[in-house]
Amino acid sequence: MKNIKFIMILLMATILLTGCSKSTTPAEAPSSQDPAVSSPVDEPAETEATEELVLTLEELGQYNGENGMPAYVAVDGVIYDFTGVMEWSGGKHNGFEAGNDLTEEIKNISPHGVARLKGVPIVGKLAE
Ligand code: HEM
């Protein structure tokens, strides 16, 4: 009987120790979360910096979607990033080119109007 009790105690001790060692694994989680915590802190700063982008019409011209440049288009003084817009692949769309102020064109020539700008990322504004 004593042997059985001793074995039971040993088993319990083993289970407890295993349990403790497992609990140390989640304890490592906070340290691995630290970089994750720091990156969301960095992200808003980047977003703020991007929103502050102000370009003259001349500067906007280089963002034509060619040679690895992003495709920016100004409408009503707001600069939109068309780089990821499928219809604007290569910075071109139905005879129009990125790097320009297309306010009149989207309002008066396109069949869709400014409604198509919904969801397109805003990157800055046109210098007055
Ligand atoms: C800001 C500048 C824009 C201008 C000047 C412009 C101009 C035009 C024009 C002239 C057409 C008619 C083409 C034809 O007659 O066949 C057209 C059609 C079209 N555009 Fe744009 N567009 C602009 C932005 C966009 C954006 C941002 C999108 C998508 C997010 C888009 C998507 C389309 C689509 C899908 C059509 C086919 C017709 C329709 O579904 O309304 N366009 N665009």
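Two residues are in contact if their C-beta atoms, placed from the backbone, lie within 7 Å. With that in mind, select Tyr72 in this predicted model, and, leaving aside residues up to four places away in sequence, you will find that Tyr72 touches Leu60, Tyr63, Ile79, Tyr80, Asp81, Ala98, Gly99 and Val123.

**The whole chain**

Before going further, show the whole protein as a cartoon, where you can pick out 3 helices and 6 strands, which follow the pattern α-β-α-β-β-β-β-α-β when they are read along the sequence. Of the 128 residues of the protein, 13% count as buried. If you consider contacts between residues at least 6 apart in sequence, 64% of them join residues at least 24 apart.

**The sheet**

Next, select the strands β1, β6, β3 and β2, which in that order make up an open sheet of 4 strands with mixed pairing. At the edges lie β1, residues 53-55, and β2, each of which pairs on one side only. As you turn the view, look for the twist, which averages 35° from one strand to the next.

Now keep only β2, residues 72-75, together with β3, residues 78-81, and you will see the two strands pair in the antiparallel sense over 4 bridges. Within this pair, Val73 stands opposite Tyr80 of β3, while Val75 has Val78 of β3 as its bridge partner. The two strands form a hairpin with 2 residues between them, and Asp76, which sits in the turn, has a positive phi of about 55°.

Add β6, residues 122-126, to the selection, and you will find that β3 and β6 run antiparallel and are joined by 3 bridges. Tyr80, already seen opposite Val73, also stands opposite Ile122 in β6.

**The nonpolar core**

Return to Tyr72 and select it with Ala71, Val73, Tyr80, Phe82 and Ala98, because these are the residues that touch the most other members of the largest nonpolar core, a set of 13 residues. Both β2 and β3 supply at least two residues of this core, and its largest share, 4 residues, comes from β2.

**The ligand and Ile106**

Now centre the view on the ligand, which is surrounded by 18 residues, the closest being Glu105, Ile106, Ser110, His112 and Arg116. If you colour this shell by residue type, it divides into 11 nonpolar, 4 polar and 3 charged residues. Among the elements that contribute to the shell, β2 and α3, residues 103-108, each supply at least two residues.

Finally, select Ile106, which is found in helix α3. Is Ile106 buried or partly exposed? It counts as partly exposed, because Ile106 has 19 C-beta neighbours inside 10 Å, whereas a buried residue needs 20 or more. Not counting residues up to four places away in sequence, Ile106 touches Val75, Gly113 and Val114. To follow one of these contacts, draw a line from the C-alpha of Ile106 to the C-alpha of Val75, and you will find the two residues 8.1 Å apart in space, although they are 31 residues apart in sequence. This contact takes you back to the hairpin, where Val75 is paired with Val78 in β3.

Notes: Residues are numbered from 1 along each chain as its sequence is written. This is a predicted model: local features need pLDDT of at least 70, side-chain atom pairs count only at pLDDT 80 or more; totals for chains, interfaces and linings use all residues. A residue is near a molecule or strand if its C-beta atom, placed from the backbone, lies within 6 Å of it. Ala, Val, Leu, Ile, Met, Phe, Trp, Tyr, Cys and Pro count as nonpolar, Asp, Glu, Lys and Arg as charged, and the others, Gly among them, as polar. Two strands pair if DSSP finds at least two bridges between them. Axes are lines fitted to C-alpha atoms, for helices over the stretch in contact, and angles run from 0 to 180 degrees between N-to-C directions. A residue is buried if 20 or more other C-beta atoms lie within 10 Å of its own, exposed if 12 or fewer, and partly exposed in between; C-beta atoms are placed from the backbone. A nonpolar core is a set of buried Ala, Val, Leu, Ile, Met, Phe, Trp, Tyr and Cys residues joined through C-beta atoms within 7 Å.
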